[in-house]
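Subject: Structure for you to look at, with notes

Dear colleague,

I am handing over the structure below, and my notes follow it. Please read them with the structure open beside you.

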Amino acid sequence: MEQRMWRPPQKIKWKTSPGQWPSREDASRSHLFSPIEHGPFRLATRTWVPAMVPWRATEDGFVTDDNVDWYARFASGRPGAIVLEATGIRDVPSGPLLRIGHDRFVPGLRRVVDAVRQASGGETKLFIQLIDFLSIRRRPDPAKYLGQHLRITDRHREALGRSGAAEDEVRQALLGLPGERLAEVLDARELEALRMGARERVTDTHLPHIRELPQVLPELFAAAARRAREAGFDGVELHYAHAYTMASFLSALNTRDDGYGGSRDGRARLPLEVFERVRAEVGTDYTVGCRFLSEDCVPGGSTVEDAAHFGVAFSRAGMDFLSLSRGGKFEDARQPAIGWSAYPYTGPSGYECMPHHVSDERGPFGRNFEASARVRAAIRAAGLTTPVVVTGGVHGFAQAEALLASDRADVVGFARASLADPDWFVKVRTGHGDAVNMCIYANYCEALDEKHEEVTCQLWDRTGLDEPGLRKTKDGKRRLTPAPWVPPAA
Amino acid sequence: VGAARGLNPTSQETDTMTHVVLESCIRCRYTDCVDVCPVDCFRQGPNMLVIDPDECIDCAVCIPECPVEAIKPEEDVPAEQQSFIALNAELSKQWPAITKTAEPLDEAEQWKDVRDKLQYLER
């Protein structure tokens with residue numbers, strides 16, 4: 001495929017270095033394994049599994065047995081919280097992405113809730129990430145795009161020097177043009193549609209359904225949050241990060257002139273209105289937080305100072321937690337192969353989100369720490385105590401503990417590290433840190449994700465394949481969850 | 001970087017890091033490696049496979065799949081086979097992708113233990 005993730009030119013190879021593992025006693029006295037409480041937000045430990053889409057849902061957005069097994073397996077490692085993968089708030093076809101846009105999705109989601117409660121002995125809190133996204137089309141076959149889909153206008157006729165020409169004649173002329181001439185005849189969005197696949201933006205306010213997003217989204221998010229509560233989730237995480245609708249409202253690239261763009265307050269307006277509507281729906285005794293970006297990491301995008309402003313505004317509005325991510329935008333995504341959609345983790349901003357072990361001088365571990373700490377400091381300086389979840393290449397106990405001890409985070413998220421070993425938490429907590437199966441940050445998982453194949457980890461997906469009754473990938477070659485960990489006899 | 005305190009890389013090398021198919025593959029082409037590759041970075045020639053160094057993510061899952069141990073990380077390529085690093089880079093841009101494991105070459109069994117096979121490479 002032509003959309004492999006961007007990598008820094010320096011090509012410096014980094015290896016994980018988890019440092020000293022704590023004894024059981026040290027772990028019990030640590031910040032990481034201490035509880036946290038902030039209103040309805042109460043975790044037994046300050047450990048967190050951020051939302052990851054494992055491509056286990058049905059094409060209709062329903063929970064499968066494989067989804068249930070997946071979350072039960074993470075819960076058996078007993079993190080403080082798990083955030084269920086991005087789940088669509090609309091009742092529209094979205095491929096194998098979980099959905100919560102209708103009451104019929106609630107029973108399936110409740111199965112995950114029950115499985116997580118049981119597998120963690122009731123210790124792990126389960127939140128669900130609620131997402132809205134705009135339309136993105138697959139990269140078209142050029143002959144099809146220029147021959148059929150492109151809307152031919154007089155602008156094309158003029159640029160080609162063929163005013164008055166029939167539509168068919170214009171299409172034939174376009175099909176015969178070399179790429180660089182085509183770039184002069186098509187406008188920027190038409191070129192993008194040809195080279196990347198057409199992608200809607202929140203600034204396309206000439207389109208009624210985009211113009212009306214501020215009227216539509218609060219209700220959709222609120223209805224989804226109500227269903228989440230009915231299904232038994234401990235709270236919701238509003239997805240305000242990466243390449244999706246709400247992050248696009250927050251982005252400095254949002255130039256809407258209807259009061260929902262431009263200034264920082266304008267860009268934060270819809271995210272705040274969505275939150276207020278959700279809060280009104282679920283009440284103050286229910287956890288509502290969001291995930292947003294400490295930096296967009298694309299030219300012209302939001303900076304850490306924007307994020308600090310948003311963090312203060314979200315905290316002041318009464319969000320119960322804020323989880324910070326980084327980058328992952330469409331604006332710098334690599335060109336997909338024909339027939340594939342652009343993917344927001346393939347450009348430099350995607351690298352910031354999921355850095356690979358072949359990196360630059362800064363390396364793949366902790367790229368978001370400084371920006372996250374800046375956002376958290378701004379929140380604290382405003383006299384607010386909202387917990388901040390920090391993620392990004394965390395794999396060692398010492399590293400996580402240092403983040404908490406130095407007042408740079410309140411909760412530490414482990415995404416790829418927990419995918420490599422969902423028992424990271426229970427192992428480290430019981431003095432068995434040396435038994436952790438350590439992520440190597442090769443992004444094998446990300447490569448599978450990009451192809452929409454069932455996400456697994458290379459460290460465990462080909463082990464014990466002859467276990468009776470084992471659930472495997474569609475091709476039967478990989479197991480879908482790691483084997484259980486058996487603690488050594490004391 | 002202060003934020004990464006306590007996290008020093010244990011190895012830093014500035015060469016292009018990738019995995020390389022070596023001479024053992026020639027005239028065998030078992031292709032067991034292909035199915036496990038998450039990024040489809042293998043390319044197929046007449047009697048050998050190569051890895052596209054621009055696609056390989058260094059996850060190393062292909063290494064144990066090869067029945068003739070033809071794949072090694074670049075840093076472990078033996079001195080006498082260094083030419084295969086450039087050969088993989090060059091041929092991967094000419095040969096088509098292979099994304100599913102196929103039958104080995106008919107002559108695979110008789111060539112699997114033979115050494116110095118570079119002379120038999122067909123382009």
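What percentage of the 123 residues in chain B is made up of buried residues? Buried residues account for 53% of that chain, and please keep in mind throughout that this is a predicted model.

Chain B has 3 helices and 4 strands, which follow one another from the N terminus in the order β-α-β-β-β-α-α. Among the contacts in chain B with a separation of 6 or more, 77% come from residues 24 or more positions apart. In helix α2 of chain B, which spans residues 83–91, the buried residues are B:Phe84, B:Leu87, B:Asn88 and B:Leu91. These residues lie on the same side of α2(B), because the arc they cover around the axis is only 100°. The buried residues of α2(B) pack against two strands of chain B, β1 (19–21) and β3 (49–51).

Turning to the cores, the largest nonpolar core has 116 residues, and A:Leu238, A:Tyr240 and A:Phe292 are those with the most contacts inside it. A second, separate core has 40 residues, including A:Ala447, B:Cys25, B:Cys33 and B:Leu91. Returning to A:Leu238, and leaving aside its neighbours within four places in sequence, its contacts include A:Leu130, A:Phe221, A:Val274, A:Phe275 and A:Val278, as well as A:Val288, A:Gly289, A:Cys290 and A:Arg291.

The cysteines deserve a separate note, since a search of the whole structure finds 0 disulfides over all chains. For B:Cys33, the closest cysteine sulfur is that of B:Cys62, at 6.4 Å, which is too far for a bond; B:Cys33 is itself buried, with a relative accessible area of 7%. B:Cys41 is likewise in no disulfide, and the nearest cysteine sulfur, in B:Cys37, is 3.7 Å away, whereas the cut-off for a disulfide is 2.5 Å. B:Cys41 counts as buried, at 4% relative accessibility.

Over all chains, the structure holds 21 aromatic pairs. In one of them, the rings of A:Phe292 and A:Phe314 are edge-to-face, because their planes stand at 85°, with the centres 5.3 Å apart. This pair links distant parts of the chain, with A:Phe292 in strand β8 (residues 287–293) of chain A and A:Phe314 in helix α13 (residues 304–317) of chain A, 22 residues apart. Both partners are buried, A:Phe292 with a relative accessible area of 1% and A:Phe314 at 0% relative accessibility. A:Phe314 also pairs with A:Phe310, and here the planes are at 25° and the centres 6.5 Å apart, so the pair is stacked. A:Phe310 and A:Phe314 both belong to helix α13 of chain A, where they are 4 residues apart, about one turn of the helix, and A:Phe310 is buried, as is A:Phe314.

Elsewhere in chain A, one aromatic cluster is formed by A:Trp21, A:Phe414, A:Trp424 and A:Phe425. Two arginines are also placed over aromatic rings: the charged end of A:Arg56 sits over the ring of A:Trp70, 4.4 Å from its centre, and that of A:Arg269 sits over the ring of A:Tyr260, 4.0 Å from its centre.

With best regards

Note on methods. Residues numbered from 1 in each chain as written. Chains lettered and ligands numbered in written order. Predicted model: local features only at pLDDT ≥ 70, side-chain atom pairs only at ≥ 80, totals over all residues. Heavy atoms only, no water. Core = buried A, V, L, I, M, F, W, Y, C linked by side-chain atoms within 4.5 Å. Buried < 20%, exposed > 50% of the residue type's maximum accessible area, 1.4 Å probe, protein only. Contact = heavy atoms within 4.5 Å. Arc of directions from axis to C-beta. Phe/Tyr/Trp six-rings, centres within 6.5 Å; stacked < 30°, edge-to-face > 60°. Lys NZ or Arg CZ within 6 Å of the ring centre and 35° of its normal.
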